[in-house]
Amino acid sequence: MSKKIPFIASAILLAGIATISTYASNIVSNHVTASPPSRDASPATNQPNIIFILSDDVAQGDIGCYGQKLIQTPNLDRMAAQGTRYTQAYCGSSICAPSRTSLMTGLHPGHSPVRGNYEIPAKSAFGAGQLPLPESTVTVAQILKSAGYATACTGKWGMGQFDTTGSPLKKGFDHFYGYNGQIQAHEYFPPALYLNDQRIELPENKNGAKKIYAPDLILKDTLDWVRAHKDGPFFLYDATTLPHFRYEINDLGEYAHREGWTPQQKTYAAMVTRLDRDVGAIFALLKELKIDTNTLVIFAGDNGSALEPNTPIGKLFDQSMGGKLRDAKGSMYEGGLRQAGIARWPGVIPAGRVSEEPWAFWDFLPTAAEIADAKIPASCHPDGLSLVSFLKGGPAPKRDYFYWELHAGEPLTAMQAVRFGDWKAVKNRPNAPVELYNLREGSDEKTNLAASHPDLVEKASNLMRQAHVDDPNWPMQHPPKAKQPEK
């Protein structure tokens, strides 16, 4: 729908909490079939394939190449060794829907049509979903499809149900398999998944039975789709739900007998390792199909750790990375916004490089467009900058600032953050004072320097005003009774 949905104070605001088994391999073909390609143009010669793997709630510190000691992630570690690891990769936001919207649209949260996790009540058999992307909003999938790319989204969408303007099938994707709504995606043994807009029942999971692990089916569909489109070019958005809450796994593997670990800690570690194994399966298929060297793969998480540093999982796995990252998901501090970011493209992206230069999710759309030699429509005005030269080993593009805005909390509150150079400013509610931190001196954001740098506080305040564009769905002053459920 091109018309904006009016702001509804009673709408629920959600804070995104969120082994290929032999059994699942045997039954998966009964539930899913990859759809045939649908392209708007003939592919240009040598257009590379593009894969973006987005993990739901993985923490930067969960991954071995970022310092994790207890959870095994050999495939992601190998990806970093064969590509470039970014220590200051930024999410689109610190919770699910606005972060994914930024990735898909190239817009930072001050311009984005989705700046929080609004749950829209069910209006059809599809069930509840999130505030949908408007009809006029252009996605990276639409741009790549116009350049001849086959397009698929597997895993979790969460930007509009199938009967809205935000359906993935209306936003450039030929193929979809997985969960559409965020709430449904909390179930790892769900009663059904969706193939495009068709509900695929999983009777084996009826009445709470836990027979079929959804990541098995989603990975199978993902691999089948890549195999069917090996001649390319293709764009795969693999939005895996691992390791988002609810913490469930069908095989604890090497963590089953870890002494002193709680069942939840064992499960979480197994889910991260399962995520890593799925990434490895994608790379193995690319090599098998001999398209490895013509495929850019980017891996990231949608927001910072879902768990505070002092929780049992946060402590055991040191998700704050020795206190280097303050806070977690749902905040404007580095622990909520800074994520793992790894890119691999053999022969193009330098192997073994570690970059401390920042980039953000809204850079992906212009980057993908340049790689694909695709035209960005005149109606699309991305905030991001192309990272192509940066990916190839050059410096990060120069920019004036990074900006985040999040509408969350209880009561519902607008939060803002802006980074310019090494300076980061945070404003935790509209009438709160601006906090100021020097990230070069410490990403832990412990020392508020606002009192000693009033000129920088004024600059940050001006940037926040400049970057925010009013939207009736996202007023800076929310009604006092607007609430959200717990994470």
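The following paragraphs describe a four-stranded open sheet, a helix lying across it, the largest pocket, and the surroundings of Thr84 and helix 9 in a predicted model. In this predicted model, local features require pLDDT of at least 70 and side-chain atom pairs pLDDT 80 or more, whereas totals for chains, interfaces and linings use all residues. Residues are numbered from 1 along each chain as its sequence is written, and side-chain values use heavy atoms, with hydrogens and water left out.

Helices (H or I, at least four residues) and strands (E, at least two) are DSSP runs numbered from the N terminus. An open sheet is formed by 4 strands in the order 15-16-17-18 with antiparallel pairing, where two strands pair if DSSP finds at least two bridges between them. Strand 15 (402-408) and strand 18 (435-438) are the edge strands, each pairing on one side only. From one strand to the next, the twist averages 15°. Within this sheet, strand 16 (residues 413-420) and strand 17 (residues 423-427) are joined in the antiparallel sense over 5 bridges, and Val418 stands opposite Ala425 in strand 17. Helix 11 (residues 454-467) lies across strands 15, 16, 17 and 18 and runs at about 120° to strand 16; axes are lines fitted to C-alpha atoms, for helices over the stretch in contact (heavy atoms within 4.5 Å), and angles run from 0 to 180 degrees between N-to-C directions.

The largest pocket has a volume of about 650 Å³. On a 1 Å grid over the protein atoms alone, a pocket is an open set of points where a 1.4 Å probe fits, with protein on both sides within 12 Å along at least five of seven lines, and lining residues have an atom within 4 Å of a point. Grid points are joined across faces, edges and corners, and the volume is the space filled by probe spheres set on the points. Of the 27 lining residues, Gln88, Glu356, Glu357, Pro358 and Arg419 are the closest to the pocket centre. Strand 3 and strand 16 each supply at least two lining residues, and strand 3 gives the most, with 3 residues.

Thr84 is found in strand 3 (residues 84-90). Its relative accessible area is 0%, and Thr84 is therefore buried (under 20% relative accessible area, 1.4 Å probe, protein chains only). The side chain of Thr84 reaches the backbone oxygen of Pro350 at 3.0 Å. Beyond its neighbours within four places in sequence, Thr84 contacts residues including Gly341, Ile342, Arg353 and Ser355.

Helix 9 (residues 364-372) is mostly covered, with 8 of its 9 residues buried. Asp373, which follows helix 9, has a positive phi, near 55°.

Technical notes: Buried < 20%, exposed > 50% of the residue type's maximum accessible area, 1.4 Å probe, protein only. Polar contact = N/O pair within 3.5 Å; in protein donor to acceptor, adjacent residues only side chain to side chain.
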